[in-house]
Amino acid sequence: MNKKIQIVLTSVSLLSMLGCNIDIPDRTLFTQISETIEESKANGVFFAEYRPNRELIKKAWVEIPWVYDTLGNIKKQGGNELYIEAIDSIGLSDSWSECDQGDTSNGNMGVKGKYLTYELTEEELSKDTLIYYIYGGKKRKCMGELLLIKKK
């Protein structure tokens, strides 16, 4: 009987030491977003901050997408993502005609229901002003032009 109890206790203690990946989710596979511009700068992934011309937009910045590695350190991935925190649920379009038709299928999507993301090209990053068209809001229509002016 003592041998069986010893085997069970040893097995339980080994499982508790090794873990079974149930209590902590794996954060290494999912692209992360910095909650604030200051956090983005601290993580070393910040690229630029933009000042919007609409009160609908709380803040907008570009950072390099990143993930956690297996040790919990930040690992940069390729590309540059524009993150837009808005008061209302919105989408972005490149042209007025796309916006007027409700087409926001140009690669943007919500992150955790809080941020809208938009992948920027090198050409767009080199510009001081970005122009998009906002679709959404309470009436689900094209709401007009959004100017994002790069802060220096």
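In this predicted model, I87 sits in the loop that runs between strand 5 (81–86) and strand 6 (90–93), where strands are DSSP runs (E, at least two residues) numbered from the N terminus. I87 counts as exposed because its relative accessibility is 56%; the cut-offs are under 20% relative accessible area for buried, over 50% for exposed and partly exposed in between, with a 1.4 Å probe and protein chains only. Leaving aside residues up to four places away in sequence, I87 touches E55, L56 and K58, contact being heavy atoms within 4.5 Å. From C-alpha to C-alpha, I87 and K59 are 9.9 Å apart in space and 28 residues apart in sequence.

A word on conventions is useful here. Residues are numbered from 1 along each chain as its sequence is written, and side-chain values use heavy atoms, with hydrogens and water left out. Local features need pLDDT of at least 70 and side-chain atom pairs count only at pLDDT 80 or more, whereas totals for chains, interfaces and linings use all residues.

Attention turns next to E63, a residue of strand 2 (residues 57–63). E63 is buried and yet has no salt bridge, a term that requires a side-chain nitrogen of Lys or Arg within 4 Å of a carboxyl oxygen of Asp or Glu. The nearest side chain of opposite charge belongs to K59, 9.9 Å away. The side chain of E63 does make a polar contact of 3.0 Å with that of W61 (a pair of N or O atoms within 3.5 Å, one able to donate a hydrogen and the other to accept it). Not counting residues up to four places away in sequence, E63 also touches a set of residues including Q32, F46, N80 and Y83.

F46 has a charged companion too: K41 lies over its face, 5.0 Å from the ring centre (NZ of Lys or CZ of Arg within 6 Å of the centre and within 35 degrees of the ring normal).

Aromatic pairs number four, by a rule that takes rings of Phe, Tyr and Trp (its six-membered ring) with centres within 6.5 Å and calls planes under 30 degrees apart stacked, over 60 edge-to-face and the rest tilted. W66 and Y68 form an edge-to-face pair, because their centres are 5.3 Å apart and their planes stand at 80°. Y118 and Y132 are likewise edge-to-face, with centres 4.7 Å apart and planes at 65°. This pair links distant parts of the chain, Y118 in strand 8 (residues 115–119) and Y132 in strand 9 (residues 129–136). Y118 is buried at 4% relative accessibility, and Y132 is buried at 2%.

Methods
Helices (H or I, at least four residues) and strands (E, at least two) are DSSP runs, numbered from the N terminus. Lys and Arg count as positive and Asp and Glu as negative; His and the chain ends are not counted.
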